[in-house]
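Me: I should like a close look at a single part of this protein, namely its pockets, the enclosed space and the helix packing beside them. Please give one connected account.

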Amino acid sequence: VAAAVAWRRLRPTPLPTLGRLPAFTLTSQHGAPYGLASLRGHVWVADFFFTSCPSMCPRMTRQMAEIQSRLRESGDAVRLVSFSVDPEVDTPQRLRDYAARYGAGERWVFLTGPTPEIKRVSEQGFRLAMGDAPAAANRAPEVDIVHGGYFILIDRDAQIRGYYRNDEEGLASIVRD
């Protein structure tokens, strides 16, 4: 009995299954199609951001870079995916420049695409709210677009396994999980 109790304490608790992502195909920072089919068989961490964000996005992107660094030894097993919520502004070239600024490696992809598709993936897939961006031509520089502020862990079968805060405790938890 004592051995069984000790084993239960050592065995990690399985993560919950919080939903399955729908198929999607968007455009990577390299201008190539990239979607759920490209991620099958990989564990991945997702976030939502936009390159001109005046508030939490730069911090979250730095934290995603930290996740990349902490998971360096995982090899090709874990991918990172950042979805832009401002596709009118965030072209593949702009995403490529942004990715370079934050030291994104080959396993970290930045995605853009038609707003309705990104909104569908965010709201129906990840169950995260996403606001509408004002037209790029009419926008003030300090515009903020409502979007989820969590890191999301997805398993090899496109199932959401956890939402993590964008703080040190959240980073430690997602890397552990």
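**Pockets, cavity and helix packing**

Reply: In this predicted model, β3 (43–49), β6 (151–154) and α6 each contribute at least two residues to the lining of the largest pocket. That pocket holds about 240 Å³ of space. Its lining comprises 14 residues, and those nearest the centre are Val43, Val78, Leu153, Arg156 and Asp177. By class, ten of the lining residues are nonpolar and four are charged, with no polar residue present.

The second largest pocket has a volume of about 200 Å³. It is lined by 14 residues, with Gln29, His30, Gly105, Glu106 and Trp108 closest to its centre. Both α4 (92–101) and β5 (108–112) supply at least two residues of this lining, and α4 gives the most, with three residues. The lining of the second largest pocket divides into six nonpolar, four polar and four charged residues.

Enclosed space is a separate matter. Rolling a probe the size of a water molecule over the atoms shows where empty space is left. The count comes to one cavity of 30 Å³ or more, and the largest cavity contains about 40 Å³. Its lining is formed by Ile67, Gln68, Leu71, Val78, Leu80, Arg107 and Trp108. Of the elements involved, α3 (57–70) and β4 (78–84) each provide at least two of these residues. The classes represented are five nonpolar, one polar and one charged. Two of the names recur: Val78 is a lining residue of the cavity and is also among those nearest the centre of the largest pocket, while Trp108 lines the cavity and is among those closest to the centre of the second largest pocket.

Helix α3, which helps to line the cavity, also packs against helix α6 (residues 168–176), at an angle of about 35 degrees and with the axes 10 Å apart. The crossing of these two helices is right-handed. From α3, the residues in contact are Gln63, Glu66, Ile67 and Arg70; from α6, they are Glu168, Leu171, Ala172, Ile174 and Val175. This contact has five nonpolar, one polar and three charged residues. Ile67 thus appears in the helix contact and in the cavity lining.

Two of the α3 contact residues, Glu66 and Arg70, also pair with each other. Side chains of opposite charge can pair when their charged atoms come close. Glu66 and Arg70 form a salt bridge in which the closest N and O atoms are 2.8 Å apart. Both residues lie in α3, four residues apart, about one turn of the helix. Across the whole structure, the search finds seven salt bridges.

Notes:
Residues are numbered from 1 along each chain as its sequence is written. This is a predicted model: local features need pLDDT of at least 70, side-chain atom pairs count only at pLDDT 80 or more; totals for chains, interfaces and linings use all residues. Side-chain values use heavy atoms; hydrogens and water are left out. On a 1 Å grid over the protein atoms alone, a cavity is a set of points where a 1.4 Å probe fits but cannot get out, and a pocket is an open set with protein on both sides within 12 Å along at least five of seven lines; lining residues have an atom within 4 Å of a point. Grid points are joined across faces, edges and corners, and a volume is the space filled by probe spheres set on the points. Ala, Val, Leu, Ile, Met, Phe, Trp, Tyr, Cys and Pro count as nonpolar, Asp, Glu, Lys and Arg as charged, and the others, Gly among them, as polar. Axes are lines fitted to C-alpha atoms, for helices over the stretch in contact, and angles run from 0 to 180 degrees between N-to-C directions. A crossing is left-handed if the near helix is turned anticlockwise from the far one by less than a right angle, and right-handed if clockwise. Contact means heavy atoms within 4.5 Å. A salt bridge is a side-chain nitrogen of Lys or Arg within 4 Å of a carboxyl oxygen of Asp or Glu.
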